[in-house]
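Open the structure in your viewer and keep the selection tool handy. We will take the stops one by one.

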Amino acid sequence: MLHNLTGWHALIVLAILLLVFGSTKLPSLAKGVGQSMRILKEEVRDDATTSPSESGTTVTVDAAATVPYRHAS
């Protein structure tokens, strides 16, 4: 989908963002996005380190179960 994007496209998008949000709001917007990404990484890391036995749930897998195929559209 994004295979044909070049550096010019990025500059145009950046210029539009600058016009829409203004130069005063962009740093706070970038800071908020950075903090959100940091929180997301910490939550994913915490979730990955917690094993099913620690959380009190057991997971059973049925080898004969079929998984329905869903086409991404």
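Here is a short tour, from the whole chain down to single residues.

**Whole chain.** Keep in mind that this is a predicted model. Show the protein chain as a cartoon and look for 2 helices and 0 strands. Now switch on a surface: the accessible area of the protein chain is about 7300 Å², with 64% of it belonging to carbon and sulfur atoms. How much of the chain counts as buried? Of its 73 residues, 0% do.

**Helix H1.** Select residues 7–49, which make up helix H1. Three stops on this helix follow.

**The nonpolar patch.** Select Ile12, Val13, Ile16, Leu17, Val20, Phe21, Leu29, Val33, Met37, Leu40 and Val44, and colour them together: they form a nonpolar surface patch of about 980 Å². Zoom in on Ile12, a patch member that sits in helix H1. Its relative accessible area is 49%, so Ile12 is partly exposed, since exposed would require over 50%.

**Leu17.** Stay with the patch and centre on Leu17, also in helix H1. Leu17 is partly exposed too, at a relative accessible area of 35%. Which residues does Leu17 touch, beyond its neighbours within four places in sequence? Display Gly22 and Leu26, and you have its contacts.

**The negative patch.** Finally, select Glu42, Glu43, Asp46 and Asp47, which gather on the surface as a patch of negative charge. Pick out Asp47, another residue of helix H1. With a relative accessibility of 59%, Asp47 is exposed, because that value is over 50%.

Notes
Residues are numbered from 1 along each chain as its sequence is written. This is a predicted model: local features need pLDDT of at least 70, side-chain atom pairs count only at pLDDT 80 or more; totals for chains, interfaces and linings use all residues. Side-chain values use heavy atoms; hydrogens and water are left out. Patches are made of residues with over 30% relative accessible area and no salt bridge: like charges are joined within 9 Å, nonpolar side chains (Val, Leu, Ile, Met, Phe, Trp, Tyr) within 5 Å. Accessible areas come from the Shrake-Rupley method with a 1.4 Å probe; for residues, only the protein chains shown count as cover. A salt bridge is a side-chain nitrogen of Lys or Arg within 4 Å of a carboxyl oxygen of Asp or Glu. Helices (H or I, at least four residues) and strands (E, at least two) are DSSP runs, numbered from the N terminus. Buried means under 20% relative accessible area, exposed over 50%, partly exposed in between (1.4 Å probe, protein chains only). Lys and Arg count as positive and Asp and Glu as negative; His and the chain ends are not counted. The place of a charge is taken as NZ of Lys, CZ of Arg, CG of Asp or CD of Glu. Contact means heavy atoms within 4.5 Å.
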